[in-house]
Amino acid sequence: MERFQLKPTIYFGPDALAALDALAGKRVMVITAAFLSSSGLLDRVTARLTGCTVERFTEVVPDPSLALVARGARALADFRPEAVVAFGGGSPMDAAKIMWVLYEHPEADFQDLAMRFMDIRKRVYSFPRMGDKAMFVAVPTTAGTGSEVTPFAVITDERTGMKYPLADYELMP
């Protein structure tokens, strides 16, 4: 059986951040890079999170590592958000996706998640169901990797330098 999926709802245009109004009153963790925080761009996002309790994780760097993802997952577990907002380019998006997985399913083993496969629909390991603890929202700043609309994430093992491409429809924002 074949499958064609159109999951993410895409908001665009000058006032696209208004879509964040739907998160009003929720606990929200925003995951991004330090530059986007220090540049003031992150303030435009958090200003739309009216009535939300907001925590920021601003440690994402290019080619996010397993250690970074583990720190982010711990930050999510400590804060217990109802929504995870990934803000930035491919690195913040990819890191946030895997942090979200490890927050929702702390029992998940990264090596299982990263298991190689020939077809995204035919895997030995099934990704856990996502969205029970927190919804995932992606706010892109670039037109690059497309991580905000795809079921993919790339994480680097900082010890070996190996990049792990992870893919599953559960990673769709």
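A salt bridge here is a side-chain nitrogen of Lys or Arg within 4 Å of a carboxyl oxygen of Asp or Glu. Lys163 and Asp63 fit that description, with their side chains meeting at 2.8 Å, N to O. Keep in mind that this is a predicted model. The protein has 173 residues, and buried ones make up 45% of them. Below is a quick tour: the fold, a helix pair, the charged contacts, two backbone oddities and a nonpolar patch.

**Overall fold**

- The protein is built from 5 helices and 6 strands.
- Walk along the sequence and you'll meet them in the order β-α-α-β-α-β-α-α-β-β-β.

**How H3 and H4 cross**

- Two packed helices are described by the angle between their axes and the distance between the axes.
- Take helix H3, residues 66-79, and helix H4, residues 90-104: their axes come within 8 Å of each other and cross at roughly 55°.
- Angles under 35 degrees count as roughly parallel and 65 to 115 as roughly perpendicular, so H3 and H4 end up oblique to each other.
- As for handedness, the H3 and H4 crossing is right-handed.

**Salt bridges**

- Side chains of opposite charge can pair when their charged atoms come close.
- How many salt bridges does the structure hold? The count is 7.
- Back to the pair from the opening, Lys163 with Asp63. Lys163 sits in strand S6 (residues 163-167) and Asp63 in the loop between S2 and H3, so this contact ties together parts that are 100 residues apart in sequence.
- Lys163 is partly exposed, at a relative accessible area of 45%, and Asp63 also counts as partly exposed, at 43%.
- Another salt bridge links Arg71 to Glu59, with 2.9 Å between the closest N and O atoms. Arg71 belongs to helix H3 and Glu59 to strand S2 (residues 53-60), so here the parts being tied together are 12 residues apart in sequence.
- Arg71 is partly exposed, with a relative accessible area of 35%; Glu59 is partly exposed too, at 38%.
- Asp157 and Arg159 make a further salt bridge, their closest N and O atoms lying 3.4 Å apart.
- Is Asp157 buried or exposed? Its relative accessible area is 4%, and buried means under 20%, so Asp157 is buried.
- Its partner Arg159 is exposed, at a relative accessible area of 68%.
- There's also a small network: Asp15, Asp21 and Arg48 are joined by salt bridges that share partners.

**Positive phi away from glycine**

- Which residue has a phi near 55° without being a glycine? That's Asp63, the loop residue between S2 and H3 that pairs with Lys163.
- Arg80 does something of the kind: it isn't a glycine, yet its phi is positive, at about 60°.
- You'll find Arg80 in the loop between H3 and strand S3 (83-88).
- Exposed means over 50% relative accessible area, so Arg80, at 54%, is exposed.
- Arg80 and Val28 are 52 residues apart along the chain, while their C-alpha atoms are separated by 8.6 Å.

**Before strand S1**

- Phe12 lies in the segment before strand S1 (27-33). It is exposed, with a relative accessible area of 74%.
- What does Phe12 make together with Ile10 and Val149? The three form a nonpolar surface patch of about 340 Å², worth finding in the 3D view.
- Thr9 has its place in the segment before S1 as well, and Thr9 is exposed, at 60% relative accessible area.
- Where does Thr9 stand relative to Pro173? In sequence the two are 164 residues apart, but in space their C-alpha atoms are 8.6 Å apart.

Technical notes. Residues numbered from 1 in each chain as written. Predicted model: local features only at pLDDT ≥ 70, side-chain atom pairs only at ≥ 80, totals over all residues. Heavy atoms only, no water. Patch = residues over 30% accessible without salt bridge, like charges linked within 9 Å, V, L, I, M, F, W, Y side chains within 5 Å. Areas by Shrake-Rupley, 256 points an atom, 1.4 Å probe, with all protein chains shown as cover. Helix = DSSP H or I, 4+ residues; strand = E, 2+ residues; numbered from the N terminus. Buried < 20%, exposed > 50% of the residue type's maximum accessible area, 1.4 Å probe, protein only. Axes fitted to C-alpha atoms, helices over the stretch in contact; angles between N-to-C directions. Parallel < 35°, antiparallel > 145°, perpendicular 65-115°, else oblique. Left-handed = near helix turned anticlockwise from the far one by under 90°.
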